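Let's take a walk through this structure together, starting with its pockets and then moving on to a sheet and the helices around it. Keep the 3D view open as you read.

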Amino acid sequence: MAAHPPKTKILISANERLQSLKEAFEKKYGESPLFYARAPGRVNLIGEHIDYCGYAVLPMAIEQSILAAVTVNDAKTIHLANANPIYKDFTVSSEDIKIDRNNPQWYYYFLCGVKGIQEHLGGDPLSGIKCVVDGSIPASSGLSSSSALVCCAALLTMEANHKSLNKVALAEISTKCERYIGTEGGGMDQSISFLAEEGTAKLIEFHPLRASDVRLPDGAVFVISNCCVEMNKAATSHFNIRVVECRIATKMLAKARGLDWARLLKLSEVQASLGASLEEMLRLVAEVLHPEPYSREEVCRVLGITAEQLSTDLLSPNTQHVTQFKLYQRARHVYGEAARVLRFKSVCDEAPSAGNAVQRLGDLMKQSHASCRDLYECSCPELDRLVEICLQSGAVGSRLTGAGWGGCAVSMVPTDRVEAFLTSVRELYYTPDPHRAALEKQSLFVSKPGGGAAIYLEE
C-alpha cells in the first residue's frame, strides 16, 4: 500500500527559509501559520518527453522547492500571496475557482492543485485558506517549478480540509489537474515530487504509477546549469505540438499494422499491442513513416478522417494552427529514449561501483541530448552551447533536462573534477555575459537526490 506524505514537527527558527516565510506570513496576515507544505523540484537524469507517451523516466528530486505557509478559516475564500514581490496577490472564492489557460500566472498553477483536490472530493466547498508561497526553483528553468507549485497546492489543500491521500493518489491528481492550465504532461514531475526519497534517484513507471529506487554510481555527481533562457510550457505551443505529433504517429503506426488505431493514444500502447521490442519499434518507424514532414491533408488521407476530425480529436486548443507534423523524427526519439532509460537503469543496477559505469552512463546522456536536439528539436542554441562547454570542462555526459527550448542542462561529473568543472563552466558560459553572470549563483550547482513532498508543523 502506498505511503502518505510525511507530517513532521520541526523547529521553524532553526530553518532560515521557513523562519523567513513565517515572518512574511505574519506581516501579511497578522497571525501565525497553522502548518507548512513543501514540494520539491526535480532534475530528470534521462528520459525526456517520453512520460506522456507512456514510457518510464529516471528523475531525482532536488533541494530547491516550493514552500507554503497556511492558515485555515471558514470563510470559503482563498487568499494567496507570494514571498517574491514580482508575483502579485490573488483572492478567489473556493466555490468559484476558474483557471485562465490563456494567462498562465503563478496563482493559476496553484489553483490547479486546489481544484484537483476539490474535484477528487466530489466538488464539495473547501475550507478557506490564507497562504504565502515561497519558491527557490528558478522559474521556467526545466526543473519543474510549475508542477511543484501544483503539487504543493494539492498537498496543502488536502491537509487544510482534514483529508488523507497517499502519495500515488496525490501524484495522479496533480498530473491530471495541471492540464487545467493547458499543459498535456505525462506525470513525471508530479510523481517524483511526491515519491522521491533522499539519497536515491527513481525509475518512474506509469499505468499503474510506481517508483523504483535507482542507486547512482560512486565516483560522480550531477551538476545542474541553467542556460538562462526561459521557456514557459503553458505559454507556448512547442510542448503540446510534440504531444500531438506523438499522438498522430501512434495512429499512423497502429493503422499500418492493422491495430484498432482509433483506440490507441500513446506510442507505448502500439508497442504493447504488437508485443514488440523497442528495437523492433524503431525498425517499424523507419518502415512506415517518412522523414519528410506530414501535411494535415496527408494525415487525414492516411487515417481516413476529415479535417474537422483531425482538429477535434487529435489537435489540442493551442495546436490548431499547426500545418506540418514531423512524425518520423518524434517517434524515433521516443522509442530510442525509452531504450536509453532502461539501459541507464541496467548499468546502475549491474555495476554502480564498476570503473566503466560512469562513462557508460555519460555516453547515454550524450546520446539523449543529440536525440533531443536533432530528432525532437526541443533544444536551443544556448543549451547546445552550454552542453558543449560542460563536456569540454570535464563532464562525462551532459544533456538538456526538462521540456527544453531553454532551461537547464544536467551533467555527470567525476567527483575529483567537480571544482575544476564549476570554475571552467563559470568562466566560459556565465562570466562573459552580464545577464548570465548576475544569475550564476542560482544557475550552477551540484545536486544530490532529495526527499519528496511533506507537511511541517511547528514544534
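Keep in mind that this is a predicted model. A good place to begin is the largest pocket, which has a volume of about 970 Å³. It is lined by 43 residues, and the ones closest to its centre are Ile137, Pro138, Ala139, Ser140 and Ser145.

Where does the rest of that lining come from? Several elements each chip in at least two residues: strand E3 (58-73), helix H2 (106-120), strand E6 (128-135), helix H3 (145-160) and helix H15 (434-443). H15 gives the largest share, with 4 residues. If you sort the lining of the largest pocket by class, you get 21 polar, 17 nonpolar and 5 charged residues.

Now swing over to the second largest pocket, with a volume of about 450 Å³. Here 22 residues form the lining, and Tyr52, Arg179, Gly185, His207 and Lys266 are the closest to the centre. Two helices, H4 (167-177) and H6 (238-256), are the elements that give two or more residues to this lining. By class, the lining of the second largest pocket splits into 8 charged, 8 nonpolar and 6 polar residues.

Next, the sheet. Strands of a sheet pair through backbone hydrogen bonds, and the pairing can be parallel or antiparallel. This one is an open sheet of 7 strands with mixed pairing, and reading across it you meet E1, E15, E2, E3, E6, E4 and E5 in that order. What stands at the edges? That would be strand E1 (7-10) and strand E5 (90-93); each has a single partner strand, so one side of each is left without a neighbour in the sheet. From one strand to the next, the twist averages 25°.

Zoom in on the E1 edge for a moment. E1 pairs with strand E15 (residues 454-458) in the parallel sense, over 4 bridges. You can pick out one of the partnerships by eye: Ile10 has Glu458 in E15 as its bridge partner.

Finally, look at what packs on the sheet. H2, which you already met in the lining of the largest pocket, touches strand E4 (77-82), E5 and E6, and its direction makes about 135° with that of E4. Helix H11 (residues 327-350) packs on the sheet as well, touching strand E2 (35-46) and E3. The direction of H11 makes about 100° with that of E2. E3 and E6 turn up in both parts of the tour: they are strands of the sheet, and they also supply residues to the lining of the largest pocket.

Note on methods:
Residues numbered from 1 in each chain as written. Predicted model: local features only at pLDDT ≥ 70, side-chain atom pairs only at ≥ 80, totals over all residues. Heavy atoms only, no water. 1 Å grid on protein atoms, 1.4 Å probe; cavity = no way out; pocket = protein on both sides within 12 Å on 5 of 7 lines; lining within 4 Å. Points joined across faces, edges and corners; volume = space filled by probe spheres on them. Nonpolar A, V, L, I, M, F, W, Y, C, P; charged D, E, K, R; others polar. Pairing = 2+ DSSP bridges. Axes fitted to C-alpha atoms, helices over the stretch in contact; angles between N-to-C directions. Contact = heavy atoms within 4.5 Å.
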